[in-house]
Amino acid sequence: MSVPYKIYLSEGEMPKAWHNIQVLMPDIPGFVNPANGQPVPKEGLLGVFCEETIGQELNKSDEFIPIPDEILSFYSMYRPSPVVRAYCLEKALGTPAKIYYKFEGNNTSGSHKLNSAAAQAYYAKKQGLKGVTTETGAGQWGSALSMACAFFGLDLVVYMVKTSSEQKPYRKVLMETYGAKVIPSPSSTTDVGKKILVENPGTGGSLGCAISEALETAAKSDGYRYVLGSVLNHVVLHQSIIGLEAKLALEKYDITPDVIIGCAGGGSNLGGLISPFMADKLRGKSKAEFIAVEPASCPSLTRGRYAFDHGDTGKMTPLIKMYTLGSGFIPSPNHAGGLRYHGMSPIVSKLYDDGHISAKSYTQSDVFNAAVMFARTEGTLPAPESSHAIKAAIDEAVACKKSGEAKTILFGLTGTGYFDMTAYQNFNAGDMNDYIPTDADLEKGFATLPVLPNV
């Protein structure tokens, strides 16, 4: 159904429902069986995911999905989150542009990830599960899920990308403090991890590797299911609370953004931020521009292919149509660990392929230059992931200075960088490496794309 989102607002102006952009995207492909190219029914997913989230994943009829009271209660500990105007950054740039950011770092996990972690932990507990397994890259998702599982009384096993676990040891400490078991990935604790280590000795791992290990562990553990922190439609749904709050706050002051920017790894924060704004565009009510920003070292949108692919390196998942570098692509280590996934959200991918979103990629050095400028002007140390959006926002504001156009820019500040001191230390010392994969590097990943019958 299509109804005004404002009817779902509570007295505290936090939305009571999530926004389901899928309703406006009826031709978005679903999961496909790699063996026969046929759609995977809901029943085929029940052994992997929580039942309620499967329903949300496949829901193409309800534009607004009510948020259970238990989740709203959890959200109220840190929501609504602020929309902030970056006056000091504007002044430093000398731009006529107005820059706003939606700040999602005002919780202990330090990022937007808690929005979906709370929902998925709640649904797992409601289903009567003992625990869940997951992967984490930079550690924001693992941190958020460990907090949510502790709150709802669930066990948690986290496979953390090995490179990130080495760069951010205190993320591991935080997760363990909340009761999670954290294992660097790839590991020797799973069959798929052992296989990856044999095929890629010395690898720093990837989100695709960690997903495979978490999936295997969930499948072999009674009373467990696997939960994912990005990419899938139900995660974008949960993150839509970001965009709903931002839209409401801006409308209060009669502010309409011309450009909306988000960093993009798996696509959940970007999808959540743009969801209600994109709904206006798809209905012909808005001409806003949308920009996805990714690292040059893992350029799934800007250099990837739109194809059916596995969501994990071990090829255990059904196929998803997305922009991808191939499930066999293992990116070089970078400090934006949350942006090291080989693919992109099906929702974001479809919007990009249809021309509703543009995409940019930046090197680490360019991103950290923007991060430092933001920290020195606005006073918040941003996460490396978020800093990709900051860099794009600065570029847009500088372009406005040159043209004299006073655009209104909104970007997502997805989290803080206080667990990323190694990254800032390397940047400050001039030791940051700006690796960009060659075409030959990418071809190795594309070679792992499945060839499907009937697709």
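**Notebook: sheets and cores**

I started with one strand pair: E5 (residues 131-136) and E8 run parallel to each other, joined by three bridges. Note to self: this is a predicted model. In that pair, I found Thr133 sitting opposite Tyr226 of E8.

Next I looked up the sheet they sit in. It is an open one with four strands, ordered E7-E6-E5-E8, and the pairing is parallel. At its edges I noted E7 (181-185) and E8 (224-226), each pairing on one side only. On average, neighbouring strands here are turned by 20 degrees against each other, direction ignored.

Then I went to the other sheet. This open sheet has six strands in the order E3-E4-E14-E9-E10-E13, with mixed pairing. E3 (83-85) and E13 (358-362) are the edge strands; each has a single partner, so one side of each has no neighbour in the sheet. The average turn between neighbouring strands is 25 degrees, again ignoring direction.

I zoomed in on E4 (residues 98-103) and E14 (residues 408-413): they run parallel and share six bridges. Tyr100 is opposite Leu410 in E14. I also saw helix H10 lying across E3, E4 and E14, at about 140 degrees to E4.

Last stop, the nonpolar cores. Which residues have the most contacts inside the largest core? Trp18 and Tyr75 do, in a core of 66 residues. Elements giving it two or more residues include helix H2 (69-75), strand E6 (155-161), helix H10 (233-252) and strand E10 (289-295). H4 gives the largest share, eight residues. I also noted a second, separate core of 25 residues, among them Ala97, Phe103, Tyr362 and Ile394.

How values were computed. Residues are numbered from 1 along each chain as its sequence is written. This is a predicted model: local features need pLDDT of at least 70, side-chain atom pairs count only at pLDDT 80 or more; totals for chains, interfaces and linings use all residues. Side-chain values use heavy atoms; hydrogens and water are left out. Two strands pair if DSSP finds at least two bridges between them. Axes are lines fitted to C-alpha atoms, for helices over the stretch in contact, and angles run from 0 to 180 degrees between N-to-C directions. A nonpolar core is a set of buried Ala, Val, Leu, Ile, Met, Phe, Trp, Tyr and Cys residues joined through side-chain atoms within 4.5 Å. Buried means under 20% relative accessible area, exposed over 50%, partly exposed in between (1.4 Å probe, protein chains only). Contact means heavy atoms within 4.5 Å.
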